[in-house]
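User: Hi, can you walk me through this model? I'd like to start with contacts.

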Amino acid sequence: MAQPQTNPTPSSSQLDHVAQAVRDLLHQPDYDDGSAGPVLVRLAWHSAGTYDAASKTGGSNGAGMRYEKEGGDPANAGLQHARAFLEPIKKKFSWITYADLWTVAAVVAIKEMGGPEIRWRGGRTDFTDDNKIPPRGRLPDGAQGADHIRHIFYRMGFNDQEIVALSGAHNLGRCHSDRSGFEGKWVNNPTRFSNTYFKLLLVNDWKKKTLENGVEQYVYVDEDMIEEDEDAEDAEEPEELMMLPTDIALIQDPSFRPWVELYAEHKDIFFDHFAKVFAKLLELGIKRDRNGNIVNEENQQDGYKS
Ligand code: ZEM
């Protein structure tokens, strides 16, 4: 039996350079709402969100999205932009693995966009072929409801509170009709991390709308511009905001809803819970030894030889 291989976590001074390089690339005036941050957060989430606790497969190790098998999954449409933003950093700091870079970039971006400090640990390795990439179909489908959300997130080992906290990432970024088929942003200022998404969910004025492509989502015009006070200076004209059917499920479901109410009311509690659950997300599928180094065991090498 071969020795288990470990990849040491990068030192903090090495990481400081990478973190600074990520901060330096966030400002992208010609991209979406002017920031690479939201799509970087989605890259980290989709890299980890393939985890299946029962078979211990998937998760943020490996950076499988570099391969067509995972990168070409329609669920990952658009994430090539996130990978392209990070490519110059990988070129400059070749010692960092893609799997570490994609996850640490999200943590840096969230903090830089006004979110909480999130514990991140490195040492992920990159797959050298596509054998260990799990089958497609493990990421959530925004067109569905509470049962589907639970099916997907319970599989990863999350509970209802953690599902709602994680969903607060929809404060960030937007939907693109050429990626998911949905269109628009959840909040007026989608490059600032806050609990506005939860406040907006509770306005209860969401109307179902069928887009030209036949996709159904929920919309609302935020005339009162529900935002944090600190955002008032960059207040824009009210625009139509959106929610996915899965977002609306969070206020319809009796077990999810109290968490939406709590997070809408208490930004500090949301930040605390989000930091914990996002750190947990990024560790899915990763086994560490006593020193915190990742252990790549024999049985994880088996892969999917279909
Ligand atoms: Zn999302 N998400 N997501 N999400 N997501 C989109 C965009 C973003 C779902 C979903 O279908 C979609 C989590 C959970 C769930 C982000 C972070 C996180 C989009 C739009 C869809 C359709 C994609 C597009 O068109 O570009 C569903 C169904 C979810 C669970 C039920 C979790 C958990 C996240 C992180 C913790 C982010 C940041 C975006 C914005 C991306 C961007 O490009 O602006």
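Analyst: Sure. Ala-44 touches Trp-102, Thr-103, Ala-105, Ala-106 and Leu-282, leaving out residues up to four places away in sequence. Contact means C-beta atoms, placed from the backbone, within 7 Å. This is a predicted model: local features need pLDDT of at least 70, side-chain atom pairs count only at pLDDT 80 or more, and totals for chains, interfaces and linings use all residues. Residues are numbered from 1 along each chain as its sequence is written.

User: Which domains is the protein chain divided into?

Analyst: Domain 1 (5–139 + 281–300) and domain 2 (146–275). The bounds come from an automatic or database domain assignment.

User: How many residues of each are in contact?

Analyst: 25 residues of domain 1 contact 20 residues of domain 2. On the domain 1 side, helix 2 brings the largest share, 6 residues. Helices here are DSSP runs (H or I, at least four residues), and strands are too (E, at least two), numbered from the N terminus.

User: New topic. Which residues come nearest the ligand?

Analyst: Pro-38, Gly-142, Ala-169, Gly-173 and Ser-180, out of 24 around the ligand. To be near, a residue's C-beta atom, placed from the backbone, must lie within 6 Å.

User: And which helix gives the most to that shell?

Analyst: Helix 2, with 5 residues. Helix 2 (37–48), helix 7 (160–167) and strand 2 (174–175) each supply at least two.

User: Where do the shell residues come from, by domain?

Analyst: Domain 1 and domain 2 each give at least three residues to the shell.

Note on methods:
Two residues are in contact if their C-beta atoms, placed from the backbone, lie within 7 Å.
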